[in-house]
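Here is a quick walk through one protein model, written for someone who would rather look at contacts than read a long preamble. Keep the viewer open as you go.

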Amino acid sequence: WDGSDRKRCPILPRCPSEYPQRCSDGSCVSASSLCIPPSSCPFHNRTRCVDGICRLTCSISYDGCGLARPFHCPDGRCAKTWDRCTSKAGPTCPAGQCACPNNAGQCRPTCAQCIDPLVTIKPVPMKVLVDLNNTVTVTVPAGENKYICNLSIPYGAINSLSGYEAFVYIDPIPDSALYTFLPPINHTASFSSSNSDD
């Protein structure tokens, strides 16, 4: 969607919680009334894709909500319009606590302590050269000072023509791909840890 190599095209980002409505031109706004009405695609057999560009086929990877259900509800789910959200507001929290966005029912002393829903935690794309003669542990980052996990690649788990090393690619999975799973992904599930405030 940004003109780079389509095989490794970046994922179209989700709309932020303060601008939960995705418009047909790919922009994000605070309410559907602020979207510019879409014009029809200029060429026959073209479809308007989630990034606003008309194409023969839409294979754009995106996070958040697509054009079929373009409104990002407070509980993290997608709906056609705000009034179709199951939960129209975030959790009701005690005074002085933060109602965490995109995660129904979560209240924290401060918003900085909110736990992101699993589907919003994405690895930074990376290419790792793996020594096939040893068990290798790769720390998978999710951004600045954030890590998802340590990925252990056991000795013998990967075959390579070279016999001694291979590249492993770690890429995020876009929400648009997760939406195709049955049963549906729980968009409000989050990591829990023993030192959390739950």
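Are Asp-51 and Arg-55 buried or exposed? Asp-51 is buried, and Arg-55 is buried as well. The two side chains also meet each other in a salt bridge, at 2.9 Å from N to O. Keep in mind that this is a predicted model.

**The overall layout**

The protein chain has 1 helix and 12 strands. Going along the sequence, the order is β-β-β-β-β-β-β-β-β-β-β-β-α. The chain counts 198 residues, and 32% of them are buried.

**Salt bridges**

Side chains of opposite charge can pair when their charged atoms come close. Searching the whole structure turns up 4 salt bridges. Asp-175 is a good residue to click on: this residue is buried, since its relative accessible area is 1%. One of its partners is Arg-14, with the closest N and O atoms 2.5 Å apart. Arg-14 sits in the segment before strand 1 while Asp-175 belongs to helix 1 (residues 175-178), so this pair ties together parts that are 161 residues apart in sequence.

Asp-175 also forms a salt bridge with Lys-122, where the closest N and O atoms are 2.9 Å apart. Lys-122 is in the loop between strand 8 (107-108) and strand 9 (126-131), and Asp-175 is in helix 1, so here the parts tied together are 53 residues apart in sequence. Both Asp-175 and Lys-122 are buried. Put Asp-63 on screen too, because a network of salt bridges links Arg-14, Asp-63, Lys-122 and Asp-175.

**Disulfides**

How many disulfides are there? The count comes to 6. Three of these pairs are listed here, with their sulfur-to-sulfur distances.

| Disulfide | S to S distance |
|---|---|
| Cys-23 and Cys-35 | 1.9 Å |
| Cys-41 and Cys-54 | 2.2 Å |
| Cys-49 and Cys-58 | 2.0 Å |

For Cys-23 and Cys-35, the torsion about the S-S bond is about -80°, so the disulfide is left-handed. Cys-23 lies in the loop between strand 1 (21-22) and strand 2 (28-29), and Cys-35 in the loop between strand 2 and strand 3 (47-48), so the link ties together parts 12 residues apart in sequence. Cys-23 counts as buried, at 1% relative accessibility.

The pair of Cys-41 and Cys-54 is left-handed too, because its S-S torsion is about -80°. Cys-41 is in the loop between strand 2 and strand 3, whereas Cys-54 is in strand 4 (residues 54-55), and the two are 13 residues apart.

The link of Cys-49 and Cys-58 has -90° about the S-S bond and is left-handed. Its two ends sit in contrasting surroundings as far as accessibility goes: Cys-49 counts as buried at 1% relative accessibility, but Cys-58 is partly exposed at 41%. Another cysteine, Cys-149, is partly exposed with a relative accessible area of 36%.

**Around Phe-167**

Which residues make the nonpolar surface patch of about 320 Å²? Leu-129, Phe-167 and Tyr-169 do. Phe-167 is found in strand 12 (residues 165-170), and this residue counts as partly exposed because its relative accessibility is 47%. The ring of Phe-167 has company: the charged end of Lys-127 sits over it, 4.2 Å from the ring centre. As for pairs of aromatic rings, the structure holds 0 of them.

Technical notes. Residues numbered from 1 in each chain as written. Predicted model: local features only at pLDDT ≥ 70, side-chain atom pairs only at ≥ 80, totals over all residues. Heavy atoms only, no water. Patch = residues over 30% accessible without salt bridge, like charges linked within 9 Å, V, L, I, M, F, W, Y side chains within 5 Å. Areas by Shrake-Rupley, 256 points an atom, 1.4 Å probe, with all protein chains shown as cover. Helix = DSSP H or I, 4+ residues; strand = E, 2+ residues; numbered from the N terminus. Buried < 20%, exposed > 50% of the residue type's maximum accessible area, 1.4 Å probe, protein only. Disulfide = S-S within 2.5 Å. Phe/Tyr/Trp six-rings, centres within 6.5 Å; stacked < 30°, edge-to-face > 60°. Lys NZ or Arg CZ within 6 Å of the ring centre and 35° of its normal.
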